[in-house]
Amino acid sequence: MLDFNFTEMAVVALVALVVIGPKDLPKALRVLGYWVGKARGVARQFRAGFDEMVREAELAEMEKKWKEENERIMREHPMISPAQPAASEPPTGEIPPHDPAPRPAEQGDMFMRDPQHEPVMVERPTMVAAPADEPKLPQDKAAS
């Protein structure tokens, strides 16, 4: 890009001092700094916009690859709808004997209960009596 060494900068400063003069040189440097800042801001916006376009293009490419991969997987492993029997089961129209018949919800039931999926208690809780030397909790004075 731009490559300035110390001698070149000294020559530019000496020419600026002679041409502009010592009285107007600070004002000229301020204006120059303002315009350099503006140019850097424009370059930063351009770079950010370009980076955003590259990111969007990469995302679109990744989405395309994911869609192609998803279609390939769906072709290799088609889903079987619940209405269609599996290829290994003969279509009989009956409920297999290992599946319990669904029962209607009882009044007051929040959810349908399936006896096959009832929760099972694995571990029995242990009950331990409180030691006699511990003080009892104070009772409510209004109740006594």
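**Figure 1. Glu69, Arg72 and Glu76 are linked in a network of salt bridges.** This view comes from a predicted model. Arg72 takes part in two contacts shown here. In one, the side chains of Glu69 and Arg72 meet in a salt bridge, 2.3 Å from N to O. In the other, Arg72 meets Glu76, with 2.7 Å from N to O. Both distances fit the rule for a salt bridge, which asks for a nitrogen and an oxygen within 4 Å.

**Figure 2. The network residues are spaced about one turn of helix H2 apart.** Glu69 and Arg72 both lie in helix H2, 3 residues apart. Arg72 and Glu76 are 4 residues apart in helix H2, so about one helical turn separates them. Why does such spacing suit a contact between side chains? An α-helix has 3.6 residues a turn, so residues three or four places apart point the same way.

How exposed are the three residues of the network? Glu69 has 37% relative accessibility, so it counts as partly exposed. Arg72 has 31% and is partly exposed as well. Glu76 is also partly exposed, with a relative accessible area of 47%.

**Figure 3. Glu61 forms a salt bridge with Lys65.** The closest N and O atoms of this pair are 3.6 Å apart. Glu61 and Lys65 belong to helix H2, which covers residues 25-76. They sit 4 residues apart, and so about one helical turn separates them. Glu61 is partly exposed, because its relative accessibility is 46%. How many salt bridges does a search of the whole structure find? The count is 4.

**Figure 4. Tyr34 and Trp35 form an edge-to-face pair of rings.** The structure has 1 aromatic pair by the rule used here. The ring centres of Tyr34 and Trp35 are 5.4 Å apart. Their planes meet at 80°, so the pair is edge-to-face. The cut-off for that label is an angle over 60 degrees. Are these two residues buried or exposed? Tyr34 is partly exposed, at 47% relative accessibility. Trp35 counts as exposed, at 54%. The line between those two classes is drawn at 50%.

**Figure 5. Helix H1 has the span expected for its 15 residues.** Helix H1 runs over residues 6-20. At 1.5 Å a residue, it should span 21 Å. Its end C-alpha atoms are 21 Å apart, so the two values agree. What follows H1? The next residue is Gly21, and its phi is positive, near 100°.

**Figure 6. Seven side chains form a nonpolar patch on the surface.** The members are Val11, Leu14, Val15, Leu17, Val18, Val19 and Ile20. Together they have about 660 Å² of accessible area. Leu14, one of the members, is found in helix H1. It counts as exposed, because its relative accessibility is 55%.

**Figure 7. The whole protein comes to 2 helices and 0 strands.** This last view steps back from the close-ups. The protein has 144 residues. What share of them counts as buried? The value is 3%. The accessible surface comes to about 15000 Å². Carbon and sulfur atoms account for 63% of that surface.

Note on methods:
Residues numbered from 1 in each chain as written. Predicted model: local features only at pLDDT ≥ 70, side-chain atom pairs only at ≥ 80, totals over all residues. Heavy atoms only, no water. Phe/Tyr/Trp six-rings, centres within 6.5 Å; stacked < 30°, edge-to-face > 60°. Buried < 20%, exposed > 50% of the residue type's maximum accessible area, 1.4 Å probe, protein only. Areas by Shrake-Rupley, 256 points an atom, 1.4 Å probe, with all protein chains shown as cover. Expected span 1.5 Å × (residues − 1). Patch = residues over 30% accessible without salt bridge, like charges linked within 9 Å, V, L, I, M, F, W, Y side chains within 5 Å.
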